[in-house]
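Subject: A structure for you to look at

Hello,

I am passing on a structure that I have been going through, and I thought you might like some notes to read alongside it. Please open it first, and then read on.

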Amino acid sequence: MADYTPNSDDKRLSVIVPLADDEKMRPDLSSRIPNDMEIIFASRCPPPTDWKDGKSKWLVCKRSGRAAQMNIAAAAAKGRFLWFVHADTRLPDDAEEKLSRAIAVKPLALHYFDLNFYDGGWRMALNGWGVRLRCALFNNPFGDQAFCVSKEIFKKSGGFPEDAPYGEDHLFVLQAARHGARPSRIGVAVGTSARRYTTHGWGKTTLLYQRLWYKQWRQFRGRSD
């Protein structure tokens, strides 16, 4: 895969956007994805009646769960590399350029962005710092960091585990690393919403996520050692 050439005529990069039943495409995300790039929305619901996005595909998934949606979209994708982006993600203007350069240098890696929260104040700024610390210490990004991996490695890794009660993105990253796709930091940040923290409480939600992450990480190591 070392012959990857950014901006080639064929669609080397497919953007996969899983959607919850009540979730819609954010205009900010749409404006930062190049027009010639394959975009696949994966949802359990049909597209809105006023949906007129001619540059993308909308897949209606019969299996429930975000893991299943992303697996179905990945199977349908034509790209050589799969870029998983959440609907509430805000991409910087140079996100595709930075990602293409990173792929050219390390085509076998699992590439990920840093993470900033665009709402939530100083508390969520601390969480963004914590995400970077977790990645630096454990090399373990999560799905809201818009990671990208080759379709070949995605298949070898088994895709996202659809039987996981939570953290399917976390488990996929760990499994992909076992198949040679080591996480690689791109060095530019994407933005995401803090709505879960503001809805359920910052301290409670932060502690819960860290506890679940650590529990899952230990369980994976235990099965793999």
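One definition before anything else: a residue is called buried when its relative accessible area is under 20%, exposed when it is over 50%, and partly exposed in between. Arg66 has a relative accessibility of 30%, so this residue counts as partly exposed. Please also keep in mind that this is a predicted model.

**The chain as a whole**

The protein chain has 225 residues, and 48% of them count as buried. Its secondary structure amounts to 8 helices and 7 strands. If you take the contacts in the chain with a separation of 6 or more, 71% of them are between residues 24 or more positions apart.

**Arg66 and its surroundings**

Back to Arg66, which is found in helix α2. Leaving out residues up to four places away in sequence, Arg66 touches Pro18, His86, Glu168 and Arg196. Its C-alpha atom is 9.8 Å from that of Val17, although the two residues are 49 apart along the chain.

Asn71 also belongs to helix α2. With a relative accessible area of 13%, Asn71 is under the 20% cut-off and so is buried. Its contacts, again without residues up to four places away in sequence, are Arg63, Phe154, Gly159, Phe160 and Glu162.

**The largest pocket**

Which residues are closest to the centre of the largest pocket? They are Arg66, Asp144, Asp169, Arg196 and Tyr209, out of 50 residues that line this pocket. Its volume is about 1200 Å³. Several elements each supply at least two residues of the lining: α2 (66-76), β5, α4 (121-138), α6 (168-178), α7 (195-200) and α8 (202-224). Sorted by class, the lining of the largest pocket has 21 nonpolar, 16 polar and 13 charged residues.

**The cavity**

There is also 1 cavity of 30 Å³ or more in the structure, and the space in the largest cavity is about 40 Å³. Its lining is made up of Arg66, Met70, Phe84, His86, Gly143, Phe147, Phe160, Glu168 and Asp169. Helices α2 and α6 are the elements that give two or more residues to this lining. By class, the lining of the largest cavity comes to 4 nonpolar, 2 polar and 3 charged residues. Arg66 and Asp169 may already look familiar: both are among the residues closest to the centre of the largest pocket, and both line the largest cavity.

**Helix α3**

Helix α3 covers residues 95-105, and its buried residues are Ala95, Glu96, Leu99, Ser100, Ala102 and Ile103. Looking down the axis of α3, you will find these buried residues within an arc of 165 degrees, so they line one face of the helix. A general point helps here: an α-helix has 3.6 residues a turn, so residues three or four places apart point the same way. Arg101 and Val105, on the other side of α3, are exposed. What do the buried residues of α3 pack against? Their partners are the strands β1 (13-18), β4 (81-84), β5 (110-117), β6 (148-150) and β7 (183-192).

**Two backbone angles to look at**

Most residues other than glycine have a negative phi. Two residues here have a positive value instead: phi is near 55 degrees for Asn139 and near 50 degrees for Ala146. Asn139 is in the loop between α4 and β6, and Ala146 is in the loop between α4 and β6 as well. Are they buried or exposed? Asn139 has a relative accessible area of 25% and is partly exposed, whereas Ala146, at 0%, is buried.

**Cysteines**

A disulfide is a covalent bond between the sulfur atoms of two cysteines. With sulfur atoms within 2.5 Å as the rule, the count for this model is 0 disulfides. Cys45 has a relative accessibility of 24% and so counts as partly exposed, while Cys61, at 4%, counts as buried.

I hope these notes help you find your way around.

Best wishes

Definitions and conventions. Residues are numbered from 1 along each chain as its sequence is written. This is a predicted model: local features need pLDDT of at least 70, side-chain atom pairs count only at pLDDT 80 or more; totals for chains, interfaces and linings use all residues. Side-chain values use heavy atoms; hydrogens and water are left out. Buried means under 20% relative accessible area, exposed over 50%, partly exposed in between (1.4 Å probe, protein chains only). Helices (H or I, at least four residues) and strands (E, at least two) are DSSP runs, numbered from the N terminus. The arc is that of the directions from the helix axis to the C-beta atoms. Contact means heavy atoms within 4.5 Å. On a 1 Å grid over the protein atoms alone, a cavity is a set of points where a 1.4 Å probe fits but cannot get out, and a pocket is an open set with protein on both sides within 12 Å along at least five of seven lines; lining residues have an atom within 4 Å of a point. Grid points are joined across faces, edges and corners, and a volume is the space filled by probe spheres set on the points. Ala, Val, Leu, Ile, Met, Phe, Trp, Tyr, Cys and Pro count as nonpolar, Asp, Glu, Lys and Arg as charged, and the others, Gly among them, as polar.
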